[in-house]
Amino acid sequence: MAKRTTNRPQKKLTFIDIIKGNFLNRDEIKVHYKFFLLLFVLMMAMIYSNHLVNKKIKIVNALKEETEEYKSRNAYAQSKLIKVKMESELGKEVAADSLMTLESHPHKLLIKLDSTDAKTK
């Protein structure tokens, strides 16, 4: 005897069925499993490429910070070099004029005026 096919009405899909994964056993899903497998593979590829992009962004940010550090070091070194060049040029000019550097620093002279002297003059 041949088995009779009965058309049972499908039970409505509920949120709990989706969470438990019971929707994967439905007949509509079994017919289109290749399509769902393709969707799954594409989602995995998208997640993996996003992961790679995040890694590269971290590397780029680290390199930007490093270049800023090197730029500031370069600016500091150039300012020191300019200062040394000016000192050596100044030393050559002073030697050409036969001037010598001071052994002791000059003293500051303070002159106080008496208020009585200023009125009488």
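## The 31-48 span

The end C-alpha atoms of residues 31-48 lie 28 Å apart. Helix makes up 94% of this span, and strand makes up 0%. These residues carry a label from UniProt: the unreviewed entry annotates 31-48 as "transmembrane region". The model itself is predicted.

## Overall fold

The protein chain has 4 helices and 0 strands. Its pattern along the sequence reads α-α-α-α.

Little of the chain is covered. Of its 121 residues, 2% count as buried. The exposed surface comes to about 13,000 Å². Carbon and sulfur atoms supply 63% of that area.

## Helix H3

Helix H3 runs over residues 33-96, which is 64 residues. Does its length match or miss the expected span? At 1.5 Å a residue, H3 should span 94 Å. Its end C-alpha atoms are 94 Å apart, so the two values agree.

Just past the end of H3 comes Ser 98. This residue takes a positive phi of about 55°.

## Nonpolar patch

Which residues form the nonpolar patch on the surface? The members are Phe 35, Phe 36, Leu 37, Leu 38, Leu 39, Phe 40, Val 41, Leu 42, Met 43, Met 44 and Ile 47. Together they offer about 1,100 Å² of accessible area.

Met 44 is one of these patch residues. It lies in helix H3. Met 44 has a relative accessible area of 41%, so it is partly exposed.

## Aromatic pair

The structure holds 1 aromatic pair. Phe 35 and Phe 36 form it, with an edge-to-face arrangement. The ring centres are 5.8 Å apart, and the planes meet at 65°. Edge-to-face applies because the cut-off for that class is over 60 degrees.

Both rings belong to residues of the nonpolar patch, Phe 35 and Phe 36. Phe 35 is partly exposed, at a relative accessible area of 48%. Phe 36 is also partly exposed, at 38%.

## Salt bridge

The count of salt bridges is 1. It joins Glu 69 to Arg 73. Their closest N and O atoms are 3.3 Å apart.

Why can these two side chains meet along one helix? Glu 69 and Arg 73 are 4 residues apart in H3, so about one helical turn separates them. An α-helix has 3.6 residues a turn, so residues three or four places apart point the same way.

The two partners fall into separate exposure classes. Glu 69 is partly exposed, with a relative accessible area of 40%. Arg 73 is exposed, with a value of 52%. The cut-off for exposed is over 50%.

## Arg 26 and its loop

Arg 26 sits in the loop between helix H1 (15-20) and helix H2 (27-31). Is this arginine buried or exposed? Arg 26 is buried, at a relative accessible area of 17%. That value earns the label because buried means under 20%.

Arg 26 and Leu 13 are 13 residues apart along the chain. Their C-alpha atoms are separated by 9.6 Å.

Note on methods. Residues numbered from 1 in each chain as written. Predicted model: local features only at pLDDT ≥ 70, side-chain atom pairs only at ≥ 80, totals over all residues. Heavy atoms only, no water. Phe/Tyr/Trp six-rings, centres within 6.5 Å; stacked < 30°, edge-to-face > 60°. Buried < 20%, exposed > 50% of the residue type's maximum accessible area, 1.4 Å probe, protein only. UniProt positions renumbered as here; feature names shortened; annotations may be inferred. Areas by Shrake-Rupley, 256 points an atom, 1.4 Å probe, with all protein chains shown as cover. Expected span 1.5 Å × (residues − 1). Patch = residues over 30% accessible without salt bridge, like charges linked within 9 Å, V, L, I, M, F, W, Y side chains within 5 Å. Salt bridge = Lys/Arg side-chain N within 4 Å of Asp/Glu carboxyl O.
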